[in-house]
Amino acid sequence: MSKEVQNKALVGRWFTEFWGPNVNLNIVDELAAPDMLLQYSLHEPRRGHDDIKAFMTGFRQAFPNLNFWGAADLIAEGDYVVGRWQGGGTHTGPAFSDFLAGSLPANSGRRMHFTGTTVLRIKDGKIAEEIGLDDGVTALTQLGLIRTA
């Protein structure tokens with residue numbers, strides 16, 4: 001099996017078990033490098049297993065139905081895998097202040113659905129970086145945290 005095929009399989013598992021509808025936080029220990037960087041425009045960058053797990057725990061508490069899925073086949077070259085995705089959820093949990101652009105009160109009922117593209121770097125069979133470009137303007141507008149002119 002080629003390096004690219006192995007890397008796509010690893011990222012496929014990550015997307016399913018970390019970002020899918022039923023999070024498995026043990027996947028962080030299994031597939032992420034100890035100092036993995038997780039970075040998207042909506043949130044502060046996260047680094048390391050504990051920080052990444054804490055981020056996802058809070059995100060899932062605030063958005064219990066959070067779910068992201070692939071919108072196209074993964075593309076791999078060398079140590080890099082690129083994935084297009086879509087997803088979102090409804091804020092029915094506790095107040096959430098993790099967005100860089102503002103906070104939500106408890107159980108706001110606001111929905112977000114948006115898309116993005118993520119580049120993951122694999123090093124020694126582990127995810128070293130997940131850096132995504134998301135349509136944060138759409139998500140923040142839907143959540144009422146920013147307004148269109």
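## Strands and their partners

Two strands are said to pair if DSSP finds at least two bridges between them, and this idea helps in reading the predicted model shown above. Strand S8 (111-123) and strand S9 (126-134) pair in the antiparallel sense over eight bridges, and within this pairing Thr-117 stands opposite Leu-133 in S9. The hairpin of S8 and S9 has two residues between the strands, and there Asp-124 takes a positive phi near 55°.

S9 also pairs with strand S1 (32-39), this time in the parallel sense and over four bridges, with Gln-39 standing opposite Ile-131 in S9. On the other hand, S8 is joined to strand S5 (80-90) by eleven bridges, and these two strands run antiparallel; in this pairing, the bridge partner of Thr-90 in S8 is Arg-111.

## Further pairings of S5

S5 has other partners as well. Strand S3 (67-70) is joined to S5 by four bridges, again in an antiparallel arrangement, and Trp-69 is found opposite Gln-86 in S5. Strand S4, made of residues 75-77, pairs with S5 in the antiparallel sense over three bridges, and the bridge partner of Ile-75 in S5 is Val-82. Two residues lie between the strands in the hairpin of S4 and S5, where Gly-78 takes a positive phi near 60°.

## The largest nonpolar core

In soluble globular proteins, nonpolar side chains tend to be buried together. In this model the largest nonpolar core has 36 residues, and the members that touch the most other members are Trp-14, Phe-18, Trp-19, Phe-59, Phe-63, Phe-99 and Met-112. Both helices and strands contribute: helix H1 (3-19), helix H2 (26-31), S1, helix H3 (49-62), S5, strand S6 (96-99), S8 and helix H4 (136-142) each supply at least two residues of this core. The largest share, six residues, comes from H1.

Phe-99 can be followed in detail as one of these core members. When its neighbours within four places in sequence are left aside, Phe-99 is in contact with Leu-42, His-43, Phe-59, Phe-63, Leu-104, Met-112, Leu-140, Leu-143 and Leu-145. Among these contacts, Phe-59, Phe-63 and Met-112 are also listed with the core residues that touch the most other members.

## Two enclosed spaces

A search of the whole structure finds two cavities of 30 Å³ or more. The largest cavity holds about 170 Å³ of space, and of the 15 residues that line this cavity, the closest to its centre are Trp-19, Tyr-40, Phe-68, Trp-85 and Glu-130. At least two lining residues come from each of H1, H3, S3, S8 and S9, with the largest share, three residues, coming from S3. By class, the lining of the largest cavity divides into ten nonpolar, three polar and two charged residues.

The second largest cavity contains about 40 Å³ of space. Its lining is formed by Leu-38, Gln-39, Tyr-40, His-43, Glu-44, Arg-46 and Phe-55, a set with three nonpolar, two polar and two charged residues. Tyr-40 therefore has a place in both descriptions, because a lining residue is one with an atom within 4 Å of a cavity point, and Tyr-40 is named for the largest cavity as well as for the second largest.

## Two asparagines in contrasting settings

Asn-7 is found in helix H1, and it counts as buried because its relative accessibility is 7%, while the cut-off for buried is under 20%. Not counting residues up to four places away in sequence, Asn-7 touches Gly-78, Asp-79, Val-81 and Ile-122; one of these contacts, Gly-78, is the residue with a positive phi in the hairpin of S4 and S5.

Asn-65, by comparison, has its place in the loop between H3 and S3. With a relative accessible area of 42%, Asn-65 is partly exposed, since this value falls between the cut-offs of 20% and 50%. Leaving aside its neighbours within four places in sequence, Asn-65 is in contact with Gly-88, Gly-89 and Thr-90, and Thr-90 is the residue whose bridge partner in S8 is Arg-111. Finally, Asn-65 and Thr-141 are 76 residues apart in sequence and 19 Å apart in space, C-alpha to C-alpha.

Conventions. Residues are numbered from 1 along each chain as its sequence is written. This is a predicted model: local features need pLDDT of at least 70, side-chain atom pairs count only at pLDDT 80 or more; totals for chains, interfaces and linings use all residues. Side-chain values use heavy atoms; hydrogens and water are left out. A nonpolar core is a set of buried Ala, Val, Leu, Ile, Met, Phe, Trp, Tyr and Cys residues joined through side-chain atoms within 4.5 Å. Buried means under 20% relative accessible area, exposed over 50%, partly exposed in between (1.4 Å probe, protein chains only). Contact means heavy atoms within 4.5 Å. On a 1 Å grid over the protein atoms alone, a cavity is a set of points where a 1.4 Å probe fits but cannot get out, and a pocket is an open set with protein on both sides within 12 Å along at least five of seven lines; lining residues have an atom within 4 Å of a point. Grid points are joined across faces, edges and corners, and a volume is the space filled by probe spheres set on the points. Ala, Val, Leu, Ile, Met, Phe, Trp, Tyr, Cys and Pro count as nonpolar, Asp, Glu, Lys and Arg as charged, and the others, Gly among them, as polar.
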